Amino acid sequence: PLGSAVSCSFLQTACVMTTKDLVLVALFAALIAVLGIFPAITVPVLLVPITAQTLGVMLAGSLLGATRGGLAVLVFLVLVAAGLPFLAGGRGGLGVFGGPSAGFLIAWPVAAFVIGWLTERGWSRYGVATAIGINLFGGIVLIYMPGIAWLAAGGLAPMQALAVSSAFVPGDVLKAVLASLVSVTLRRYRQHPIAEKRARP
């Protein structure tokens, strides 16, 4: 199955990562945690906070690529699950994965992986428009789908969950544009981590 093939590819690549790769993974996991310092805005009714941390998810995928980006977000979530208060508002522990935000959180590593995968595949024609399209798809569509589905499974009417979740859209669009500009700028100045990885023998 496709899912098994992707999982095997992810694990095989993760096992051959260099020290620099591991440092980048740790650095971006820390970046996502730092972005949690910014005050969270709680959406009425849902109690799901609007945070800056999805910017870190988009940056991880855009700058590190599929495997390293997905792993960085996964490491961050493992630390959260272990009880470290790295989510916006000082939240942490297994309990957050049973709360209203769980669907969004679980989608974060998938979003980073897909953003990275699409970025790597489209590298030859990678520009601002392509980067924004990739980040909008991975950072909004792929995160919102399970997030809204989780809210609906928790008893909220699907249309209500969709309507209230729309409060996230303007900020997430801005984050997608910002992450794209950072990624394209680094590529232009030959400082992009994906470019360095592709140049390895």
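This is a walk through one predicted model, stop by stop, with something to select at each.

**Before you click**

The model is predicted, so local features need pLDDT of at least 70, side-chain atom pairs count only at pLDDT 80 or more, and totals for chains, interfaces and linings use all residues. Residue numbers start from 1 along each chain as its sequence is written, and side-chain values use heavy atoms, with hydrogens and water left out.

**Stop 1: the whole chain**

Show everything as cartoon. You should find 9 helices and 2 strands; helices (H or I, at least four residues) and strands (E, at least two) are DSSP runs, numbered from the N terminus. Read from the N terminus on, the elements go α-α-β-β-α-α-α-α-α-α-α. Now colour by burial. Of the 201 residues, 46% are buried, where buried means under 20% relative accessible area, exposed over 50%, and partly exposed in between, using a 1.4 Å probe on protein chains only. For contacts between residues at least 6 apart in sequence, 73% join residues at least 24 apart; a contact is heavy atoms within 4.5 Å.

**Stop 2: helix 3**

Select residues 53-64, which make up helix 3. How many of its 12 residues are buried? The count is 12 of 12, so helix 3 is mostly covered. The buried residues here pack against helix 2, helix 4, helix 5, helix 6 (128-153), helix 8 (169-188) and helix 9.

For a quick geometry check, pick the two end C-alpha atoms of helix 3: they are 16 Å apart, which agrees with the 16 Å that 12 residues should span at 1.5 Å a residue. That expected span is 1.5 Å times one less than the number of residues.

Zoom in on Thr54, which sits in helix 3. Thr54 has a relative accessible area of 8%, so it is buried. Leaving out residues up to four places away in sequence, Thr54 touches Trp108, Ile143, Asp172 and Lys175. Then step just past the helix to Gly65, where phi is positive at about 90 degrees.

**Stop 3: Thr119 and Ile194**

Select Thr119 in helix 5 (residues 102-121). Thr119 counts as buried because its relative accessibility is 0%. Neighbours within four places aside, Thr119 contacts Ser62, Tyr126, Ile134 and Ile194.

Follow that last contact to Ile194, in helix 9 (residues 193-198). Ile194 has a relative accessible area of 1% and is therefore buried too. Which residues does Ile194 contact, leaving aside its neighbours within four places in sequence? They are Gly61, Ser62, Leu63, Leu64, Gly65, Arg68, Thr119, Glu120 and Trp123. Try a distance label from Ile194 to Trp123: C-alpha to C-alpha it reads 8.9 Å, for a pair 71 residues apart in sequence.

**Stop 4: helix 2 on helix 4**

Two packed helices are described by the angle between their axes and the distance between the axes. Select 19-35 (helix 2) and 66-81 (helix 4): their angle is about 50 degrees and their axes are 8 Å apart. Axes are lines fitted to C-alpha atoms, for helices over the stretch in contact, and angles run from 0 to 180 degrees between N-to-C directions. Helix 2 and helix 4 are therefore oblique to each other; under 35 degrees counts as roughly parallel, over 145 as roughly antiparallel, 65 to 115 as roughly perpendicular and the rest as oblique.

Turn on sticks for Asp21, Leu24, Val25, Phe28, Ala29, Ile32 and Ala33 in helix 2, which meet Arg68, Leu71, Ala72, Val73, Val75 and Phe76 in helix 4. By class, the contact of helix 2 with helix 4 has 11 nonpolar, no polar and 2 charged residues. Here Ala, Val, Leu, Ile, Met, Phe, Trp, Tyr, Cys and Pro count as nonpolar, Asp, Glu, Lys and Arg as charged, and the others, Gly among them, as polar.

The buried residues of helix 4 include Arg68, Gly69, Gly70 and Leu71. Just after helix 4, Gly83 has a positive phi of about 110 degrees.

**Stop 5: helix 6 on helix 8**

Last, select helix 6 and helix 8, which pack at about 140 degrees with axes 8 Å apart. Helix 6 and helix 8 are therefore oblique to each other. Among the residues that meet are Val128, Ala131 and Tyr144 in helix 6, and Val169, Asp172 and Val184 in helix 8. This contact of helix 6 with helix 8 divides into 13 nonpolar, 2 polar and 1 charged residues.
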